[in-house]
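User: I am new to this structure. Please walk me through the terms and how each one is earned.

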Amino acid sequence: MIIVKMNATTVECSIAASELHEIGLTPEAVVNGAENTTSFFAQLNKEVGAQLDYDPETEVMMMSKNMMMDGSVRIFAVKMSNDDIQKAADRMRCAAESILRTLTQERVDEIKSKTGRDKGIALNEVITNVSDSINRIYAKDGDIQFNPEEASLSYQPLTEYAGYMMEFDNLDEAARFARVVRSLPIVDSTLYKHNGRFYLIAGLLTSDESIIYDMRRAGVEYSQLLTVNAPESLFIREHGDCIMKEDAIIHLADLGK
């Protein structure tokens, strides 16, 4: 997840579809605020709040969510103080008054009385005026401005915990892999056997990109298959024979010594 602090009150977050899939979410679920996105937004609120020095007692955090053409999700987070809320209320009041002036019954009757092309032109004019009034509600002193002096960019993994599954032809291959990754912050590991093949499921707890790279590199080099937060691991947990229930990495690394 790439986070860009636009200014003192606004943060833009860009999340690739692949990142969401790794934690079991879809872009549609995030945009629609599905029930299973609660923990995701809790983490996002925490990160954005830290970026904006957000005070939940006196300020409000507003978010707009949009799905892009490539499947990524872009989220704008804006913190609002009491002054901002008052300004927004004033804009909404002005917009409502403008809409009421535009949509008088006399104006509607005038449109209804027209015929042919003139009716369409008159209706389109009213719709355009109403849309302009509504758009002014969302403009916070104009469009969101990017301030280079206040801007900052950071990368934040969506979660520190990731579940890895590696497939091996035999125990020797699994042991070689275990010896390579033994020193990494692996918090749980279990070894299964299914249809004559071995499956090592391990949980890595870190946000350090270099450690994540080491784990994935070892998986690609020593195993026949590497998956991350994939549903296939659920199948193995359910149908495989558990060979080593706990600390499988440690026990495998000790094999052959």
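Analyst: Start with burial: a residue is buried under 20% relative accessible area, exposed over 50%, and partly exposed in between (1.4 Å probe, protein chains only). This is a predicted model, where local features need pLDDT of at least 70, side-chain atom pairs count only at pLDDT 80 or more, and totals for chains, interfaces and linings use all residues. Residues are numbered from 1 along each chain as its sequence is written, and side-chain values use heavy atoms, with hydrogens and water left out.

User: Why is M62 called partly exposed?

Analyst: M62 has 45% relative accessibility. Partly exposed is the class between 20% and 50%, so M62 belongs there. M62 sits in strand β3, residues 60–67. Helices (H or I, at least four residues) and strands (E, at least two) are DSSP runs, numbered from the N terminus.

User: What makes V60, M62 and I85 a nonpolar patch?

Analyst: Patches are made of residues with over 30% relative accessible area and no salt bridge; like charges are joined within 9 Å, nonpolar side chains (Val, Leu, Ile, Met, Phe, Trp, Tyr) within 5 Å. At 45%, M62 is over the 30% mark. V60, M62 and I85 form such a patch on the surface, with about 230 Å² of accessible area together. Accessible areas come from the Shrake-Rupley method with a 1.4 Å probe; for residues, only the protein chains shown count as cover.

User: How do you know that R107 and E110 form a salt bridge?

Analyst: A salt bridge needs a side-chain nitrogen of Lys or Arg within 4 Å of a carboxyl oxygen of Asp or Glu. The N to O distance for R107 and E110 is 3.2 Å. That is within 4 Å, so the pair counts. Both residues lie in helix α5 (residues 105–113), 3 residues apart, about one turn of the helix. Side chains of opposite charge can pair when their charged atoms come close.

User: Which of R107 and E110 is buried, and which is partly exposed?

Analyst: R107 is at 18%, under the 20% cut-off, so R107 is buried. E110 is at 35%, between the two cut-offs, so E110 is partly exposed.

User: What else does R107 pair with in a salt bridge?

Analyst: R107 also meets E125, at 3.5 Å from N to O. This pair links distant parts of the chain: E125 is in helix α6 (residues 116–138), R107 is in helix α5, and they are 18 residues apart. E125 has a relative accessible area of 43%, so E125 is partly exposed.

User: Which residues is R107 in contact with, beyond its neighbours in sequence?

Analyst: Contact means heavy atoms within 4.5 Å. Leaving aside neighbours within four places in sequence, R107 is in contact with T102, A122, E125 and V126.

User: Why is the pair D214 and R217 called a salt bridge?

Analyst: The closest N and O atoms are 3.6 Å apart, within the 4 Å limit, so the name applies. D214 and R217 lie in helix α8 (residues 209–222), 3 residues apart, about one turn of the helix. D214, at 30%, is partly exposed. R217, at 44%, is partly exposed too. Elsewhere, salt bridges that share partners join R107, E110 and E125 into one network. The structure holds 10 salt bridges.

User: What makes β6 and β8 paired strands?

Analyst: Two strands pair if DSSP finds at least two bridges between them. β6 (residues 161–168) is joined to β8 (residues 197–205) by 8 bridges, so the rule is met. The two run antiparallel. Y164 has A202 in β8 as its bridge partner. β6 also pairs with β9 (residues 225–228) in the antiparallel sense, over 4 bridges. There, M166 partners L226.

User: How do you know that β6 is mostly covered?

Analyst: Of its 8 residues, 6 are buried.

User: Which residues of α7 are buried, and what do they pack against?

Analyst: In helix α7 (residues 171–181), the buried residues are E173, A174, A175, F177, A178 and V181. They pack against β6, β7 (186–194), β8, α8 and α10 (248–254).

User: How much of the protein chain is buried?

Analyst: Buried residues make up 37% of its 257 residues. The chain has 10 helices and 10 strands.
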